[in-house]
Amino acid sequence: MKLWKGRFSKEATSSSNEFNASIGFDQRLYEEDITGSIAHAKMLGKQGIITIEESELIIRTLKEILADIEAGKVEFTIEGEDIHMNIETILTERIGQTGKKLHTARSRNDQIALDIRLYLKKETAEIDSLLEELLGALKDLAEKHQETVMPGYTHLQRAQPVTLAYHMLAYYQMFARDRERFADCLARIDRLPLGSGALAGTTYDTDRQFLADELGFASVLPNGMDAVADRDFALEFLSCCSITMMHLSRFCEELILWSSVEFGFIEMDDSYSTGSSIMPQKKNPDMAELIRGKSGRVYGDLMSLLTICKGLPLAYNKDLQEDKEPVFDAIDTIKASLGIFREMIVTMKVNEDKMAGAAKYGYMNATDAADYLVQKGIPFRDCHEIIGNMVLYAINHSKALDELTMEEFKSFSEAFDEDIYDAISIVNCIKAKKSEGSTSFASVAKQLADIDKA
């Protein structure tokens with residue numbers, strides 16, 4: 001039986017019921033819905049809108065319903081439409097007329113706005129915890145590989161030598177910013193909509209600050225129309241999820257490349273790889289590829305909700321029923337991706353020799369060779385041309401720069417001397433960096449120490 005049936009002369013068809021119902025997905029909000037209802041019943045009793053006895057009966061029964069749901073004893077129905085009406089129907093079946101008083105001074109509009117905010121507060125904390133664990137794994141990798149030399153790339157071409165620790169700390173900074181974004185987003189999620197009614201408030205003498213305190217919200221939303229119509233907080237949350245997934249996808253792209261025979265920098269653990277149904281030799285980095293693919297899925301969740309909201313007049317519209325599935329999907333996807341990604345990187349094998357070899361033969365000490373000439377008093381632009389010609393010569397003769405003879409060096413500039421070999425050794429190229437935030441061993445050690453201090 002519909003709780004709003006009074007104005008209608010016809011029953012909804014079964015197809016209409018099925019199309020209209022959201023219980024198939026919003027049932028995951030049962031705990032938040034009951035938590036909000038308990039606080040609302042407590043407020044109604046405190047304010048004398050219902051009796052204390054009625055309030056206590058409602059609260060006690062709601063707790064029993066919560067226990068029964070968690071024990072698998074409750075079956076939700078499409079006829080109940082959504083989680084709110086399903087729970088209210090069960091409540092009324094158990095305690096009769098008193099159960100019908102729970103909805104006094106509220107609407108499903110502010111009720112669902114409350115539920116989704118409560119849910120996102122909880123899920124934001126869980127995502128933050130997963131990000132914190134990932135940061136710990138990246139820090140551990142960086143500490144372990146402070147002297148593991150590898151190529152740094154621009155345009156996917158070998159550019160300058162760095163350490164694997166430095167590379168890991170770059171991603172550390174990305175995911176640290178993700179934590180900051182979620183924390184900032186939480187500040188806008190953490191505002192109470194309950195008590196706004198359908199859009200215009202209520203004639204009852206309610207206490208919204210009491211509700212905020214009971215439910216742990218930092219503040220009360222000041223405008224009821226905005227409170228029920230707003231989904232900015234969910235859009236911002238999905239944006240945070242999308243940026244984090246983008247960072248995961250970038251990292252996965254590198255791991256996929258690095259695990260190829262052509263790079264050979266890492267090898268994924270067998271537990272996080274798959275094989276081929278036809279090619280026996282294959283070992284595929286499918287976990288990384290799936291995360292890379294799932295980033296597009298979360299982008300789609302964000303675009304879906306943006307599109308849902310773009311043409312909605314104030315205040316609440318049924319379109320907003322469609323907000324939950326993209327939010328739920330993004331949450332499930334990012335949590336699964338963060339978890340499996342951390343497991344994948346802590347078990348992968350790093351081929352340090354392969355990385356070092358790639359660093360030696362990529363002419364990545366060319367910039368340091370130019371800097372060497374600058375120190376001899378030659379203008380940088382002239383140095384750039386000299387070293388460019390020298391690199392071309394080395395390529396044509398299949399030599400690394402540090403394999404050139406002194407005679408060959410001097411054929412390009414008389415400024416070269418025996419100390420050039422020290423200046424362009426890969427390790428010294430890394431050591432020589434002096435700017436804050438550089439790849440030098442000392443700078444990386446400082447970056448790690450600063451993380452410990454934070």
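Two residues are taken to be in contact when heavy atoms of each lie within 4.5 Å. On this basis, and leaving aside neighbours within four places in sequence, N365 is in contact with L401, I424, I426 and C429 in the predicted model. N365 is situated in the loop that joins α13 (352-360) to α14 (366-375). The residue is buried, its relative accessible area being 2%. A polar atom of the N365 side chain is placed 2.8 Å from the backbone oxygen of I424, and I424 is thus listed both for this polar pair and among the contacts of N365.

The nonpolar interior was examined next. The largest nonpolar core comprises 102 residues, of which F237, L255, W258 and F341 touch the most other members. Helix α6 makes the greatest contribution to this core, with 15 residues. For F237, the residues touched, with those up to four places away in sequence not counted, are L120, T124, I127, F182, C185, I189 and I331. A second core, separate from the largest one, consists of 20 residues and includes A366, A369, L404 and F409. In soluble globular proteins, nonpolar side chains tend to be buried together.

Helix α8 spans residues 208-215, and its buried residues are R208, F210, L211, A212 and L215. The cover over these buried residues includes the helices α3 (30-46) and α6 (108-144) as well as the strands β3 (191-192) and β4 (219-220). At the N-terminal end, α8 is capped by D207, a side-chain oxygen of which lies 3.3 Å from the backbone nitrogen of Q209. After the helix comes G216, which has a positive phi, near 75°.

Empty space within the model was also surveyed. Rolling a probe the size of a water molecule over the atoms shows where empty space is left. Across the whole structure, the search returned 1 cavity of 30 Å³ or more. The volume of the largest cavity is about 30 Å³, and its lining is formed by Y153, L156, E254, L257, W258 and F263. Helix α10 (residues 232-258) gives the most to this lining, with 3 residues. By class, 5 of the lining residues are nonpolar and 1 is charged, while none is polar. W258 thus belongs both to the cavity lining and to the group of core residues that touch the most other members.

The largest pocket has a volume of about 580 Å³ and a lining of 22 residues, among which G152, Y153, T154, H167 and E254 lie nearest its centre. Two or more residues of the lining come from each of β1 (149-154), β2 (157-163), α7 (164-189) and α10. Of the contributing elements, α7 gives the most, with 5 residues. The lining divides into 10 nonpolar, 8 polar and 4 charged residues. Y153 and E254 appear in the lining of the largest cavity and also among the residues nearest the centre of the largest pocket.

G152, one of the residues nearest the pocket centre, has its place in strand β1. With a relative accessibility of 11%, G152 counts as buried. Residues up to four places away in sequence aside, G152 touches Q157, R158, A159, Q160, P161, V162 and M364. The C-alpha atoms of G152 and V220 are separated by 49 Å in space, the two residues being 68 apart in sequence.

Technical notes:
Residues numbered from 1 in each chain as written. Predicted model: local features only at pLDDT ≥ 70, side-chain atom pairs only at ≥ 80, totals over all residues. Heavy atoms only, no water. 1 Å grid on protein atoms, 1.4 Å probe; cavity = no way out; pocket = protein on both sides within 12 Å on 5 of 7 lines; lining within 4 Å. Points joined across faces, edges and corners; volume = space filled by probe spheres on them. Helix = DSSP H or I, 4+ residues; strand = E, 2+ residues; numbered from the N terminus. Nonpolar A, V, L, I, M, F, W, Y, C, P; charged D, E, K, R; others polar. Buried < 20%, exposed > 50% of the residue type's maximum accessible area, 1.4 Å probe, protein only. Polar contact = N/O pair within 3.5 Å; in protein donor to acceptor, adjacent residues only side chain to side chain. Core = buried A, V, L, I, M, F, W, Y, C linked by side-chain atoms within 4.5 Å.
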